[in-house]
Amino acid sequence: MKNRLPELLSLPKIEDPRGNLTFVEGLVHVPFEIKRVYWIYDVPGGVSRGGHAFREQEEFIIALSGSFDVEVNHGCGSQRVHLNRSYYGLYIPNGLWRHLDNFSTNSTALVLSSTDYDESDYIRDYEEYLQYRNNR
Ligand code: TYD
């Protein structure tokens, strides 16, 4: 099995005294076509989001404001990344368990997804995830 790992990718940053600008294009700055965008906000202190893997869906997660951590489990260990700039983000290939925590006040997590929403693509049970990894 090819074990693809999460990757921190930087985005273009157009610096300007009027304020900076960053943009993202599918298949240019992220390695998939962007099919859906969602964002997580008004997160109460101390909570965790995510806690699942996707069979097919690839994602790119940006801390549009504030900061938070993303922990990705790739079967043979895990990697924790602190996101706190809006000009880079974490690419997570399909098939990896992740959760987001340590959200700062007023943070916003912007998530670009390679697929439409499909609940059947989620693996929400960690034991099932470990079996899925072993059988790939
Ligand atoms: P979920 O992906 O479990 O949230 P997170 O990973 O951030 O903790 O989604 C939470 C709920 O929102 C779940 O009931 C499904 C729904 N949802 C949609 O209807 N469409 C979407 O695009 C997303 C991402 C979630």
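Aspartate 69 is found in strand E7, where strands (E, at least two residues) and helices (H or I, at least four) are DSSP runs numbered from the N terminus. Aspartate 69 is buried, with a relative accessible area of 8%; buried means under 20% relative accessible area, exposed over 50%, and partly exposed in between (1.4 Å probe, protein chains only). Its side chain makes a polar contact of 2.6 Å with the side chain of histidine 82. A polar contact here is a pair of N or O atoms within 3.5 Å; within protein, one must be able to donate a hydrogen and the other to accept it, and residues adjacent in sequence count only if both atoms are side-chain atoms. Neighbours within four places in sequence aside, aspartate 69 is in contact with Arg80, Val81, His82, His99, Leu100, Asp101 and Asn102, contact meaning heavy atoms within 4.5 Å.

Before going on, a word on the source: this is a predicted model, in which local features need pLDDT of at least 70 and side-chain atom pairs count only at pLDDT 80 or more, while totals for chains, interfaces and linings use all residues. Residues are numbered from 1 along each chain as its sequence is written, and side-chain values use heavy atoms, with hydrogens and water left out.

Glutamate 71 also lies in strand E7, which covers residues 68-73. Which residues does glutamate 71 contact, leaving aside its neighbours within four places in sequence? They are Ser78, Gln79, Arg80, Trp97, Arg98 and His99. The side chains of serine 78 and arginine 80 both make polar contacts with that of glutamate 71. Asparagine 135 is 64 residues away from glutamate 71 in sequence, and the two C-alpha atoms are 22 Å apart.

Now to the loops. Asparagine 94 sits between strand E9 (88-92) and strand E10 (97-101), and it is buried, with a relative accessible area of 14%. Beyond four places in sequence, asparagine 94 is in contact with Arg4, Phe54, Arg55, Glu56, Gln57, Glu58 and Arg136. Its side chain has polar contacts with the side chain of arginine 4 and with the backbone oxygen of arginine 55. The C-alpha atoms of asparagine 94 and valine 47 are separated by 24 Å, with their positions 47 residues apart along the chain.

Here are the polar contacts together.

| Side chain of | Partner | Distance |
|---|---|---|
| aspartate 69 | histidine 82 side chain | 2.6 Å |
| glutamate 71 | serine 78 side chain | 3.5 Å |
| glutamate 71 | arginine 80 side chain | 2.8 Å |
| asparagine 94 | arginine 4 side chain | 3.0 Å |
| asparagine 94 | arginine 55 backbone oxygen | 2.8 Å |

Histidine 29 belongs to the loop between strand E3 (21-22) and strand E4 (36-40). Is histidine 29 buried or exposed? It is buried, at a relative accessible area of 19%. Not counting residues up to four places away in sequence, histidine 29 touches Leu9, Leu11, Pro12, Phe23 and Val24.

Finally, the whole chain. The protein chain has one helix and 12 strands, with the helix coming after the strands in sequence. Among contacts between residues at least 6 apart in sequence, 75% join residues at least 24 apart. Buried residues make up 41% of the 136 residues. Along its principal axes the C-alpha trace spans about 55 × 35 × 25 Å.
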